[in-house]
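Me: Could you take a close look at the charged pairs in this model for me? I would like to know who pairs with whom and how open each partner is to solvent.

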Amino acid sequence: MRPNVSYALTTTVRRSFADTLAATRVSLSEQGFGILSEIDIRAILKAKLDVEIPAQVILGACRPPLAYAALQAEPSVGLLLPCNIVVRYLDDETTVVQALDPKVMMSLTHNDALSLVADEAGRRLVAALGTLTPALAGS
């Protein structure tokens, strides 16, 4: 397992999965992101394949002004929206939260006009994930 990957913004939190998932929703909202979708990967794989994996939820987050600006610069960028944030169980007291680095969007499109959008989205996602780290201080 690679905890830190080059295309992700990652934080590891000393909190239960359920608490971290709830806190992630709040921190994204505080940065202006709405949750458009929520995919419970564990439940889907259990239902479809009858396999067990640790809890993992994908939150599809969108900040409408950023999405609009991105679509104005690159109409096909909708293929890369919304921002995906993964909340993943490691153990009873540890959860990983990862977001796709918005700079990946720019690198895939080769459209420099997306630079400002990617920078702002990245700043907001880093801030959202940053609010989750104080739980580490209590351990």
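Reply: Let's start with arginine 14, which is partly exposed because its relative accessibility is 32% (buried means under 20% relative accessible area, exposed over 50%, partly exposed in between, with a 1.4 Å probe and protein chains only). Arginine 14 pairs with glutamate 93 in a salt bridge, and their closest N and O atoms lie 2.9 Å apart; the term stands for a side-chain nitrogen of Lys or Arg within 4 Å of a carboxyl oxygen of Asp or Glu. This contact links distant parts of the chain, 79 residues apart: arginine 14 sits in the loop between strand E1 (8-13) and helix H1 (17-30), while glutamate 93 belongs to the loop between E4 and strand E5 (94-100). Helices (H or I, at least four residues) and strands (E, at least two) are DSSP runs, numbered from the N terminus. Glutamate 93 is itself partly exposed, with a relative accessible area of 49%.

A word on the basis of all this: the model is predicted, so local features need pLDDT of at least 70 and side-chain atom pairs count only at pLDDT 80 or more, whereas totals for chains, interfaces and linings use all residues. Residues are numbered from 1 along each chain as its sequence is written, and side-chain values use heavy atoms, with hydrogens and water left out.

By the salt-bridge rule, the count comes to 7. Another of these pairs is arginine 63 with glutamate 120, where the closest N and O atoms are 3.7 Å apart. Arginine 63 lies in the loop between strand E3 (56-62) and H3, and glutamate 120 in helix H5 (residues 115-130), so this pair ties together parts that are 57 residues apart in sequence. Here the partners fall into two classes: arginine 63 is buried, with a relative accessible area of 18%, and glutamate 120 is partly exposed at 25%.

There is also a network to enjoy: salt bridges that share partners join Arg42, Lys46, Asp50 and Glu52. Within this group, the side chains of lysine 46 and aspartate 50 meet in a salt bridge at 2.7 Å, N to O. Lysine 46 counts as partly exposed because its relative accessibility is 36%; aspartate 50, with a relative accessible area of 56%, is exposed. As a rule, side chains of opposite charge can pair when their charged atoms come close.
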